[in-house]
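Please open the model in your viewer and keep the sequence panel beside it, since this tour moves from one selection to the next.

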Amino acid sequence: MNTSPIKVTIWNENVHEKTNPAVQKLYPDGLHGTLAKKLASPELAIHTATLDEPEHGLTQDVLNNTDVLLWWGHAAHDRVVDSIVARVQQRVWDGMGIIALHSAHMSKIFRALNGTSGKLHWREVGEKERLWVIDPSHPIAAGLPEHFELPYEEMYGEPFMIAGDAKVILMSWFEGGEIFRSGFTLQRGNGKMFYFRPGHETFPSFYDPNVIKVIANAIRWARPAAFMPYPKTHVPEALENISPKDFDFGKAGIVRE
Ligand code: ZN
């Protein structure tokens, strides 16, 4: 078992924090800074990166030193450069875990990995959200109660355009009546992916112990056992002898006029 710290990079676009006083007040260190503090543990080596840094703080070197990447974006999805999205996707294919938070459902990287539009219904009035654990045996659900509530959240409702192979761990019910698949996993290449819904920038969800527990569990779950870049493609030499074939399909009677 690998007992060295899990190398975590928390990526945040860090846009609302600079423009919205309510967000500044709630998350003075930025969403990334608050998450880094709340997740701090000897088990994790946490690094943060933001949109405005060179290469969005996601250089090849940073990704090569990341086991699990967290992603929070909303207002600036389009400002994330495509070549960096491709770099992140390749690293996931090689084994890096990725956790997409809240409005990351419309980020380029989520849509690329999920394979659909990622669209959903939404309403922002600060209503109650009740999250139900529907797969209590999953490692991401470890230590959670049957359900827990967030008194103030943005509503996300179904239908949520997600991949058909999504494995749902948590479901949400909202005060206004909607339901939502609020926590699900996917495997993409050798990498594990988890989407988790709470975390609207004007609400204090990242101060909630259950929300932090879900994210911490997801980091441990998404850690790769090893990075496995796709090893080879063309394999001219076979393990076994292959009998000689006659490729004259007409003469062999396979292709007939
Ligand atoms: Zn939101």
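Is I254 buried or exposed? Select I254 in this predicted model, in the segment that follows helix 7 (209-222): its relative accessibility is 61%, and because the cut-off for an exposed residue is over 50%, I254 counts as exposed. Now extend the selection to F247, F249 and V255, which together with I254 form a nonpolar patch on the surface, with about 450 Å² of accessible area between them.

Next, zoom out to take in the whole chain, whose C-alpha trace spans about 80 × 40 × 40 Å along its principal axes. Colouring by secondary structure should bring out 7 helices and 9 strands. Of the 257 residues in the chain, 49% are buried, and the chain exposes about 12,900 Å², of which carbon and sulfur atoms supply 56%. If you display the contacts with a separation of 6 or more, 71% of them are accounted for by residues 24 or more positions apart.

From here, select strand 5 (residues 121-133) together with strand 6 (residues 147-157), which pair in the antiparallel sense over 8 bridges; within this pairing, E127 stands opposite E153 of strand 6. Then add strand 7 (residues 167-174), which also pairs with strand 5 in the antiparallel sense, here over 5 bridges. On this side, R130 has W173 in strand 7 as its bridge partner.

Stay with W173 for a moment and show its side chain. With a relative accessibility of 28%, W173 counts as partly exposed, and, leaving aside its neighbours within four places in sequence, W173 is in contact with K128, E129, R130, E178 and I179. A distance drawn from the C-alpha of W173 to that of W132 should read 7.9 Å, although the two residues are 41 apart in sequence.

Finally, centre the view on the zinc ion and show its protein donors, which are H102 through NE2, E154 through OE and H200 through ND1, lying 2.0 to 2.1 Å from the ion. Along the chain, these donors follow the spacing H-x51-E-x45-H. H102 lies in the loop between strand 4 (97-101) and helix 6 (108-114), while H200 lies in the loop between strand 9 (191-196) and helix 7, so the pair ties together parts that are 98 residues apart in sequence. Both H102 and H200 are buried, whereas I254, where the tour began, is exposed.

Technical notes: Residues numbered from 1 in each chain as written. Predicted model: local features only at pLDDT ≥ 70, side-chain atom pairs only at ≥ 80, totals over all residues. Heavy atoms only, no water. Patch = residues over 30% accessible without salt bridge, like charges linked within 9 Å, V, L, I, M, F, W, Y side chains within 5 Å. Areas by Shrake-Rupley, 256 points an atom, 1.4 Å probe, with all protein chains shown as cover. Salt bridge = Lys/Arg side-chain N within 4 Å of Asp/Glu carboxyl O. Helix = DSSP H or I, 4+ residues; strand = E, 2+ residues; numbered from the N terminus. Buried < 20%, exposed > 50% of the residue type's maximum accessible area, 1.4 Å probe, protein only. Pairing = 2+ DSSP bridges. Contact = heavy atoms within 4.5 Å. Donors = N, O, S within 2.8 Å, 3.2 Å for Na, K, Ca; no water.
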